[in-house]
Number of protein chains: 2
Amino acid sequence: MGTHHRGTEEEVRALDAYIKLMRAANALTARVHRHLAEERLTISQFGALEALYHLGPLCQKDLGRKLLKTDGNITLVVDNLEKRGLVERRRDAKDRRYVMVHLSDEGRELIRRTFPRHVAGVVEALSVLDPSEQQELARLCRIVGKRAAD
Amino acid sequence: MGTHHRGTEEEVRALDAYIKLMRAANALTARVHRHLAEERLTISQFGALEALYHLGPLCQKDLGRKLLKTDGNITLVVDNLEKRGLVERRRDAKDRRYVMVHLSDEGRELIRRTFPRHVAGVVEALSVLDPSEQQELARLCRIVGKRAAD
DNA sequence: CGCTATTATTTCAACATTAAACTATATACC
DNA sequence: GGTATATAGTTTAATGTTGAAATAATAGCG
């Protein structure tokens, strides 16, 4: 087991699952990032572009909700995407608190080109599990994630 | 399912598992960090202290291998722990390339006090799964992590 | 022995991330 | 209508994170 802790069975079991889950997440993140690095995209930038691509223009608050990130973080990520001309900020005329983030043509083209490779990478990484195992993994993670989130 | 992508069954299944795994890892990380924040410890700092506590003094390279982090990262994390007096750097006399990192008395006391609460938090977060589910989650994550790592 | 390759660590630039303080705008309600 | 409250976004300080370049020390080998 992946832990050096001497504890009850319950503790060792929970710690082992925890560590394995974290390592799997880290390893997957690193692998996915390898793809993205070729386009000089970070994972956060890719996540933002993908959300805008699939959901259409979003205000920064909603973007943060989708990506589970803080306001300040979204400000920076959008800053960096804007610098590269991949997205455009448009202040909402009706409620001037909101900043709607739109994909630029270049951003749309980039995410359209990049997304299939991302999908292929994820499929490949998870192909070590058969379909029912993938579904079981998703089910267990959903339960754990839901509990941990509250 | 957690994805808006229109693709083959295989793709949707893999993406769903991927997203659920990432969200579970994020949520668990945030929850664990809540505990640690009370002691003004980051997750990385806690990880380093824990490794030193359970494995004894390590050089920074080995610490990085345990925590799956880069050399430069370890330098910074150890810097911050050292500033707080929780660890001590000792240059190896035989091979002066190595810096051995030792827990200070204060660091040992802190991790001894903190670790049980960490364990309790992990046990609590995973208690939504029964024992066999936890083991299955660990098994699936181990497989995915191993593949993704190479 | 002396040169080369390897290994451990540090430094640096760029980006991520959070929490907290702050600004700007809009809403609610008396 | 004016004031309190809530919401969106920005800024700042601290830490993390990587990848690449730079340092320092050792090991291998002709």
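**Entry 1: the surface near DNA strand D**

I looked up which element gives the largest share of the surface near DNA strand D, and I found that H4(B) supplies four residues; helices here are DSSP runs (H or I, at least four residues) and strands likewise (E, at least two), numbered from the N terminus. I note at once that this is a predicted model, in which local features need pLDDT of at least 70 and side-chain atom pairs count only at pLDDT 80 or more, while totals for chains, interfaces and linings use all residues. I also note that residues are numbered from 1 along each chain as its sequence is written, that chains are lettered from A and ligands numbered from 1 in the order in which they are written, and that side-chain values use heavy atoms, with hydrogens and water left out.

I then listed the surroundings of DNA strand D and counted 24 residues, the closest being A:Gln60, A:Lys61, B:Thr42, B:Ser44 and B:Asn80, where a residue is near a strand if one of its heavy atoms lies within 4 Å of it. By class I have five nonpolar, ten polar and nine charged residues on this surface; Ala, Val, Leu, Ile, Met, Phe, Trp, Tyr, Cys and Pro count as nonpolar, Asp, Glu, Lys and Arg as charged, and the others, Gly among them, as polar. Of the atoms of DNA strand D within 4 Å of the protein, 78% belong to sugar or phosphate and the rest to bases.

For polar contacts (a pair of N or O atoms within 3.5 Å; within protein, one must be able to donate a hydrogen and the other to accept it, and residues adjacent in sequence count only if both atoms are side-chain atoms), I looked at phosphate oxygens of DNA strand D. An N or O atom in the side chain of A:Gln60 is 2.6 Å from such an oxygen, one in the side chain of A:Thr75 is 2.8 Å away, and one in the side chain of B:Lys69 is 3.4 Å away.

**Entry 2: the surface near DNA strand C**

I repeated the search for DNA strand C, which 24 residues surround, with A:Thr42, A:Ser44, B:Gln60, B:Lys61 and B:Asp71 as the closest. Here H4(A) gives the most, with four residues, and the classes are four nonpolar, ten polar and ten charged. Sugar or phosphate accounts for 77% of the atoms of DNA strand C within 4 Å of the protein, and bases for the rest.

I wrote down that a polar side-chain atom of A:Thr42 lies 2.6 Å from a phosphate oxygen of DNA strand C, whereas for A:Arg96 a backbone N or O atom lies 3.0 Å from a phosphate oxygen of this strand.

**Entry 3: helices that pack against H4(A)**

I next asked how H3(A) and H4(A) pack, and I read an angle of about 105° with axes 9 Å apart; axes are lines fitted to C-alpha atoms, for helices over the stretch in contact, and angles run from 0 to 180 degrees between N-to-C directions. These two helices are therefore roughly perpendicular to each other, since angles under 35 degrees count as roughly parallel, over 145 as roughly antiparallel, 65 to 115 as roughly perpendicular and the rest as oblique.

H2(A), residues 43-55, packs with H4(A), residues 71-83, at an angle of about 80°, with the axes 10 Å apart. A:Ser44, A:Gln45, A:Ala48 and A:Leu49 of H2(A) meet A:Val77, A:Asn80 and A:Leu81 of H4(A), where contact means heavy atoms within 4.5 Å.

**Entry 4: the two copies**

I finally checked how chain B superposes on chain A, and I found a rotation of 180° with 0.0 Å of shift along its axis and an RMSD of 0.1 Å, using least squares on the C-alpha atoms of residues with pLDDT of at least 70 in both. I note that 100% of the interface residues of chain B are also interface residues in chain A, so the copies meet through the same surface.
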